[in-house]
Amino acid sequence: MQFINRLSRWALSGPRAWLSIIFVAFIALLFVYKSLVSPTNNPKDYTLPSTAKIDTEKSNDTKSLVPPQASSNTDEDNNYDSLVTTDPLQNVEKVTASIPSIEYVIKPGDTLARIFARLGLSRESLYSVLEADQEFLVLEPLMPDDKFTFKLDENGDLLRITRRIDISKSVSYVQHDGGGFSYEEKVNPITYTQEAVHSKISGNFYLSAKKVGLSDTNILIINDLLKGRVNFRKDLRAGDDFNVIVKKGNIGGVKVGETQLEALEITVRGQKYSAFLHSDGRFYDLDGNSLTPALLRWPTRKQYRISSPFNANRLHPITGRPAPHNGVDLATPSGTEVLATGDGVVTRIATHKYAGKYVVVDYTGPYSSRFLHLSKILVKQGQKVKRGQVIALSGNTGRTTGAHLHYELHIRGRPVNPMTTDIPTTQSIPKGDKKEYASNVKRWVAMMASAQAADSVKNTDVESEPEPVSELDAAAN
Ligand SMILES: [Zn+2]
């Protein structure tokens with residue numbers, strides 16, 4: 001110690017001080033340079049501890065050097081770290097990193113975290129994608145046989161993740177230069193055909209309707225439309241009959257989506273009831289009176305302060321990239337009762353890293369809603385709910401800056417501003433739409449009449465399968 005003390009006093013006195021400082025700085029730089037350019041030969045230096053957090057860049061650079069370890073593949077869903085370091089597949093992926101895209105078919109038990117880990121993608125990229133997904137909620141839940149495509153760059157980093165929704169639609173998150181991901185969708189044009197079908201009721205209405213190809217959803221809609229006017233169990237008699245117009249979509253001859261009910265005529269004990277779909281997605285009777293219940297404007301009993309408005313064109317303040325806010329944030333204290341804003345069916349209950357606990361409800365007509373960041377969900381998937389029914393309690397789950405309710409309203413799958421959009425509150429066809437409605441009704445009534453006439457000519461004696469009669473092209477829509 002004494003020697004070092006004397007040496008430093010000698011070295012740091014007078015003009016020698018400068019020389020000493022320069023010498024020490026040089027030696028230091030030499031060390032820094034050496035550590036940057038020379039790889040260590042000890043492979044253990046690259047083995048990442050399975051419980052530690054992994055620095056993305058480091059793991060990308062080094063994982064190909066990790067020898068595959070004969071390690072137990074953990075069954076914990078989100079044990080991302082251990083999968084990165086122990087999955088023997090990671091070496092295979094690294095070798096094939098120059099392949100432009102990777103197709104992945106979902107298997108039972110898959111999670112996004114596992115798939116990302118298996119493809120050697122960083123957890124940060126998963127979180128970044130999920131962050132963009134918060135406003136769209138299209139990546140999950142995963143269903144077996146779903147098809148995903150991953151496009152990676154030469155470093156094995158994620159450039160694009162695509163999920164095929166069906167033959168008509170796929171959605172992607174694409175990395176932008178700001179580092180985050182932007183939503184994109186690809187939609188193939190659908191060709192629609194219209195069919196008029198006539199059928200006599202034999203057995204019960206449900207069976208007769210199924211026999212002519214109506215879906216459970218169609219039958220539910222018919223039930224809702226005639227509620228209060230017809231009691232399906234009591235009133236219908238064998239020999240009563242009905243006509244429907246259904247619209248079916250296809251792409252290149254392959255059926256797409258649900259068969260949509262457009263018009264209905266049902267005769268019950270000599271009394272005819274009818275319902276026709278208008279372009280606003282609601283059903284009206286022959287006189288243009290609404291048969292679809294109206295929606296509530298607010299999903300809460302009180303009107304809360306709007307802490308963040310709907311903004312489909314919002315840009316990210318830093319990256320300048322699209323970062324839409326597809327709902328409206330209401331400053332509800334945790335535990336506030338959340339109401340279904342229409343009559344409908346609960347179609348999804350899920351948890352999302354950023355959206356928290358959430359519920360999706362499909363309403364009668366083209367409307368649906370999403371309720372995010374809930375603390376407690378009071379309904380089950382598949383449950384029918386009524387307008388004004390309490391379906392959940394608001395909360396603070398997912399990523400929030402405080403307790404609030406994020407409420408979305410969609411029309412035909414497109415988010416709209418729930419506070420300002422023209423939601424159905426009127427009880428009859430708007431004046432400006434009367435002409436369009438009347439001409440549709442006239443055409444549909446004529447189609448159904450000829451379907452019925454053709455059916456009765458054919459079935460004068462024998463009761464048999466009803467047949468579709470006329471077809472219309474997409475131009476009619
Ligand atoms: Zn929000």
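## The chain as a whole

The secondary structure of the protein chain comes to 10 helices and 21 strands, and these belong to a predicted model. Of the 477 residues of the protein chain, 29% count as buried. If one takes the contacts in the protein chain between residues at least 6 apart in sequence, 64% of them join residues at least 24 apart.

## An open sheet of five strands

Within this chain, 5 strands form an open sheet, in which the order is β1-β2-β3-β4-β5 and the pairing is antiparallel. At the edges stand β1 (101–105) and β5, and because each has a single partner strand, one side of each is left without a neighbour in the sheet. Neighbouring strands of this sheet are turned against each other by 20° on average, when direction is ignored. As a general rule, the strands of a sheet pair through backbone hydrogen bonds, and they may do so in a parallel or an antiparallel way.

One such pairing can be followed at the level of residues: strand β2 (residues 147–152) and β3 pair in the antiparallel sense over 6 bridges, and Lys151 stands opposite Arg160 in β3.

## The helix that lies across the sheet

Helix α7 lies across β3, β4 and β5, and runs at about 60° to β5. The buried residues of helix α7 (residues 123–133) are Ser125, Leu126, Val129, Leu130, Ala132 and Asp133. These residues cover an arc of only 160° around the axis, which means that they are on the same side of α7. A general feature of helices helps here: an α-helix has 3.6 residues a turn, so residues three or four places apart point the same way.

The cover over the buried residues of α7 includes strands of the sheet, namely β3, β4 (169–175) and β5 (181–187), and it also includes another helix, α6 (112–118).

## Ile161, a residue between neighbours

A single residue can tie these elements together, and Ile161, whose place is in strand β3 (residues 158–166), serves as an example. Is Ile161 buried or exposed? Ile161 counts as buried because 29 other C-beta atoms lie within 10 Å, where the cut-off for a buried residue is 20 or more.

Leaving out residues up to four places away in sequence, Ile161 touches Val129, Phe148, Phe150, Ser172 and Tyr173. Val129 is one of the buried residues of helix α7. Ile161 and Lys151 are 10 residues apart in sequence, while in space they are 6.4 Å apart, C-alpha to C-alpha.

Note on methods: Residues are numbered from 1 along each chain as its sequence is written. This is a predicted model: local features need pLDDT of at least 70, side-chain atom pairs count only at pLDDT 80 or more; totals for chains, interfaces and linings use all residues. Helices (H or I, at least four residues) and strands (E, at least two) are DSSP runs, numbered from the N terminus. A residue is buried if 20 or more other C-beta atoms lie within 10 Å of its own, exposed if 12 or fewer, and partly exposed in between; C-beta atoms are placed from the backbone. Two residues are in contact if their C-beta atoms, placed from the backbone, lie within 7 Å. The arc is that of the directions from the helix axis to the C-beta atoms. Two strands pair if DSSP finds at least two bridges between them. Axes are lines fitted to C-alpha atoms, for helices over the stretch in contact, and angles run from 0 to 180 degrees between N-to-C directions.
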